[in-house]
Amino acid sequence: MRDLVAIPHNPVPPGARTAMIATPDGKELRAAWWGPDAPARQGTVVLLQGRAEFIEKYFETVQDLRRRGFGVVAFDWRGQGGSTRSLRDARKGHVDDFSEYLVDLSTIMDELALARCAPPFHILAHSTGAAVALLYAARARTQVERMVLTAPLLGLAFGHTATLSRLTGLINYLGLGEVYAGPDRGRLVQLAPFENNPVTSDRRRYERNQAVIDNSPSLGLSGPTFAWLHSALRAAEYIAAPGFAERVPLPVLIAFAGRESVVSNAAIEAFALRTKTVASVRIVGAKHELLQEASRFRDDFWAAFDAFIGDTAQRWSAALQT
């Protein structure tokens with residue numbers, strides 16, 4: 001599915017270009033990119049979405065970035081959105097290993113961002129995408145100036161990472177990796193009722209995203225498989241291992257939610273404290289999906305983003321004018 005889905009309350013930002021981009025291992029990634037919508041040209045932001053998300057969910061964020069003078073690259077990870085699904089049951093959220101997401105990101109950077117868009121490059125990543133961004137950091141050092149991560153998946157808000165990793169590893173070993181790991185067995189997670197949802201306090205934005213899925217159910221996704229969950233936990237263990245945080249080679253800003261109930265804020269804070277190149281900011285009162293939250297929380301996030309990214313963009317702009 002190459003085309004972007006427009007609904008009345010979520011139109012496609014003007015100037016969109018789309019493509020299906022092939023990975024070296026034969027997957028097709030749905031991608032879209034935009035130029036800036038401001039006189040000042042600040043470079044390009046590559047958006048990395050979370051699990052079960054899709055490009056259309058970030059149209060508002062695309063516009064926020066374009067108004068700041070950034071071009072934007074967005075894409076759907078394999079197994080979700082309009083990209084190649086991983087299993088015959090297309091609603092299962094599945095990868096065998098998070099290294100597959102690194103293939104996706106490397107492909108998008110090489111074939112789209114670096115090839116067709118203007119520097120400097122930054123990454124803005126959420127949750128699962130933020131964990132992948134950190135795993136990619138060693139390579140990103142030669143491509144990306146800075147990364148901004150929202151609510152990175154460095155551990156789950158429930159359970160002990162190492163214990164859960166061993167349990168899901170055993171389940172995988174028994175050949176059950178493609179079985180649903182939770183209660184959402186075939187139900188589209190995006191269509192869950194707004195009440196008591198763990199991701200946002202903003203009903204309008206929540207229901208706007210649901211309307212996209214109502215219009216195009218093929219973009220939706222159900223729960224993760226045990227293989228996906230085990231791989232996520234192994235990635236979190238790898239990032240938490242001694243030496244990883246100390247080797248992050250570029251500046252990173254982590255924004256995390258004060259009312260987080262999906263990922264582990266304790267793991268995020270511990271990682272930030274160990275890493276000289278990482279700064280963090282808590283958005284008090286916000287839930288997991290900061291970019292889908294109420295405007296007062298989004299304003300806090302964008303103030304932190306502007307302060308962190310702004311000086312880099314200004315230096316590049318000055319250099320291009322000399």
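Tryptophan 77 is buried, at 0% relative accessibility; buried here means under 20% relative accessible area, exposed means over 50%, and partly exposed is in between, with a 1.4 Å probe and protein chains only. The model is a predicted one, so to speak of a local feature takes pLDDT of at least 70 and a side-chain atom pair counts only at pLDDT 80 or more, while totals for chains, interfaces and linings use all residues. Residues are numbered from 1 along each chain as its sequence is written, and side-chain values use heavy atoms, with hydrogens and water left out.

**Rings**

Tyrosine 101 is buried too, with a relative accessible area of 2%, and phenylalanine 98 is buried at 3%. A search of the whole structure turns up 12 aromatic pairs. For a pair, the rings of Phe, Tyr and Trp (its six-membered ring) must have centres within 6.5 Å; planes under 30 degrees apart are stacked, over 60 edge-to-face, and the rest tilted. The rings of tryptophan 77 and tyrosine 101 have centres 5.1 Å apart and planes at 50°, so this pair is tilted. Tryptophan 77 sits in the loop between β4 (70-75) and α2 (99-116), and tyrosine 101 is in helix α2, so the pair ties together parts that are 24 residues apart in sequence. Helices (H or I, at least four residues) and strands (E, at least two) are DSSP runs, numbered from the N terminus. Phenylalanine 98 and tyrosine 101 make an edge-to-face pair, because their ring centres are 5.0 Å apart and their planes at 70°. Ring pairs join Phe75, Trp77, Phe98, Tyr101 and Trp228 into a cluster.

Trp228 has a charged visitor as well: the charged end of arginine 51 sits over the ring of tryptophan 228, 5.8 Å from its centre. To count, NZ of Lys or CZ of Arg must be within 6 Å of the ring centre and within 35 degrees of the ring normal. Lysine 92 likewise lies over the face of tyrosine 180, at 5.4 Å from the ring centre.

**Salt bridges**

The structure holds 21 salt bridges, each a side-chain nitrogen of Lys or Arg within 4 Å of a carboxyl oxygen of Asp or Glu. Here are some of them:

| Acid | Base | N to O distance |
|---|---|---|
| Glutamate 60 | Arginine 298 | 3.6 Å |
| Aspartate 110 | Arginine 139 | 2.8 Å |
| Glutamate 269 | Arginine 282 | 3.0 Å |

Take the salt bridge of glutamate 60 and arginine 298. Glutamate 60 is in helix α1 (residues 59-67) and arginine 298 in helix α9 (residues 295-321), so the pair ties together parts that are 238 residues apart in sequence. Both glutamate 60 and arginine 298 are buried. They also belong to a network of salt bridges that links Glu60, Asp64, Arg67, Asp202, Arg205, Arg208 and Arg298.

Next, aspartate 110 and arginine 139 meet in a salt bridge. This pair links distant parts of the chain, with aspartate 110 in helix α2 and arginine 139 in helix α4 (residues 137-140), 29 residues apart. Aspartate 110 is partly exposed at 30%, and arginine 139 is partly exposed at 37%.

Then there is glutamate 269 with arginine 282. Glutamate 269 lies in helix α8 (residues 265-274) and arginine 282 in strand β8 (residues 278-283), so the pair ties together parts 13 residues apart in sequence. Glutamate 269 is partly exposed at 32%, and arginine 282 is partly exposed at 37%.

**Strands and a buried helix**

Strand β2 (residues 28-34) has six of its seven residues buried, so it is largely enclosed by the rest of the structure. Six bridges join β2 to strand β1 (residues 17-22), and the two run antiparallel; strands pair if DSSP finds at least two bridges between them. Alanine 22 stands opposite glutamate 28 in β2. The hairpin of β1 and β2 has five residues between the strands, and glycine 26 there takes a positive phi near 90°. β2 also pairs with β4 in the antiparallel sense, over four bridges, and tryptophan 34 stands opposite valine 72 in β4.

Helix α3 (residues 128-135) has seven of its eight residues buried, so it too is largely enclosed by the rest of the structure. The buried ones in α3 are Thr128, Gly129, Ala130, Ala131, Val132, Ala133 and Leu134.
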